[in-house]
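Morning, everyone. Please have a look at the model on the screen. I'll take you through it piece by piece.

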Amino acid sequence: MTAANPRKTDMTAMNLQVGDVRQQAATYIDKITSDEIISRLKQYGIMPQFMREVLIDCAIADITLTTEETFKACQQFYQQQQLKSDADLETWLVSRSLSREQLDHIITRNTKLEYIKRGNWENKLESYFLQRKAKLDRVIYSLIRVKDIGIAQELYFRIQEGEQSFSELGSKYSLGAEAETGGLLGPMELSVPHPDLAKMLAASQPGKLLPPTRLGEWIVIVRLEKFIKAQLNESMRQRLLNELFENWIQTQYKGLIAE
């Protein structure tokens, strides 16, 4: 008699179990209590996101849009989702198990949220921009990093004397990912590089080759190529509004869970 294949038996059991999962989930959802929902949200690690959305709903609860504002929000949403007919819309709703009332909430929510952001933080943007500007300025720079001071000094003098280009030596000798671009990095905000490197770049002038400097385990040779000052344009204003709002949300959430 041939012994049963245990692996095949296990897989069959697994397939039967998976086939029952949908029904088990439906039964569980029908019976779940509010306390169990909270417990599951914490267990799944999505409690912070859930509470964030609750806080937003509470913040916008008293905002009422005009008919024109609602129509505009709907048009923008339909364009984004490429919904060109009532049939498209109905299919979209069914696929997400949403009602028209729920969709109306989704569509108008962002517009109401923008009112909250601008009403509370727009008058703080200029001061916040000045506070953040040092890290919002962008730089393009060339970097070579090695671990031997002797090699670093040799490369520095070759570049300084014009014997070889920064790009050529960066591709050949730099031990970081920047070797793939000949040592050229950016544009990137000054908040991105190592803090000490950011200070060096902020204090330098375009085209100036800085001598070998130790940064942690590396010896680096740096040259600032271009300094791009941050501007308080519309995209920056929106970004900073979002930052201020997110800071507020985080404060509210921490206060909520501490209660």
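I'll cover the sheet, then one helix and the loop after it, then the cores, and end on one arginine.

One caution before we start. This is a predicted model.

Start with the record. UniProt, in an unreviewed entry, lists residues 134–226 as "domain: PpiC". That span is 34% helix and 33% strand. Its end C-alpha atoms lie 15 Å apart.

Now the sheet. It is open, with four strands in the order S2-S1-S4-S3. The pairing is antiparallel. Which strands stand at the edges? Strand S2, residues 184–189, and S3 do. Each has a single partner strand, so one side of each is left without a neighbour in the sheet. On average, neighbouring strands are turned by 35° against each other, direction ignored.

Take the pairs in turn. Strand S1 covers residues 138–146, and four bridges join S1 to S2. Look for Arg 138: its bridge partner in S2 is Glu 189. On the other side of the order, strand S3 is residues 209–215 and strand S4 is residues 218–228. Five bridges hold that antiparallel pair. Here Arg 214 has Ile 219 of S4 as its bridge partner. S3 and S4 make a hairpin, with two residues between them. Find Gly 216 in the turn: its phi is positive, about 65°.

Next, helix H9. It spans residues 166–173. H9 lies across S1, S3 and S4, and runs at about 50° to S1. Ser 171 sits in this helix. Buried or exposed? Ser 171 is in between: its relative accessibility is 40%, so it counts as partly exposed. Beyond its sequence neighbours within four places, Ser 171 is in contact with Ala 179 and Gly 182. Compare its position with Leu 190. Ser 171 and Leu 190 are 19 residues apart in sequence, and their C-alpha atoms are 23 Å apart in space.

Now move to another serine, Ser 174. It is in the loop between H9 and S2. Is Ser 174 buried or exposed? Its relative accessibility is 7%; buried means under 20%, so Ser 174 counts as buried. What does its side chain reach? One target is the backbone nitrogen of Arg 145, at 3.1 Å. Another is the side chain of Glu 178, a polar contact of 2.5 Å. Leaving out residues up to four places away in sequence, Ser 174 touches Leu 143, Ile 144, Arg 145, Leu 169 and Ala 179.

On to the cores. The largest nonpolar core has 21 residues. Those with the most contacts inside it are Trp 121, Phe 129, Leu 136, Met 236, Leu 240 and Phe 245. Four elements give two or more residues each: helix H3 (47–60), helix H6 (100–121), H7 and helix H11 (234–258). H11 gives the largest share, seven residues. Zoom in on Phe 245. Setting aside residues up to four places away in sequence, it touches Arg 52, Ile 56, Leu 113, Lys 117 and Trp 121. There is also a second, separate core of 16 residues. Val 139, Leu 190, Leu 197 and Leu 215 are among its members.

Last stop, Arg 132. It is in helix H7, residues 125–136. Which residues does Arg 132 touch, not counting those up to four places away in sequence? Arg 239 and Glu 243. The side chains of Arg 132 and Glu 243 share a polar contact of 3.0 Å.

That's the tour. Questions, please.

Notes
Residues numbered from 1 in each chain as written. Predicted model: local features only at pLDDT ≥ 70, side-chain atom pairs only at ≥ 80, totals over all residues. Heavy atoms only, no water. Polar contact = N/O pair within 3.5 Å; in protein donor to acceptor, adjacent residues only side chain to side chain. Contact = heavy atoms within 4.5 Å. Core = buried A, V, L, I, M, F, W, Y, C linked by side-chain atoms within 4.5 Å. Buried < 20%, exposed > 50% of the residue type's maximum accessible area, 1.4 Å probe, protein only. Pairing = 2+ DSSP bridges. Axes fitted to C-alpha atoms, helices over the stretch in contact; angles between N-to-C directions. UniProt positions renumbered as here; feature names shortened; annotations may be inferred.
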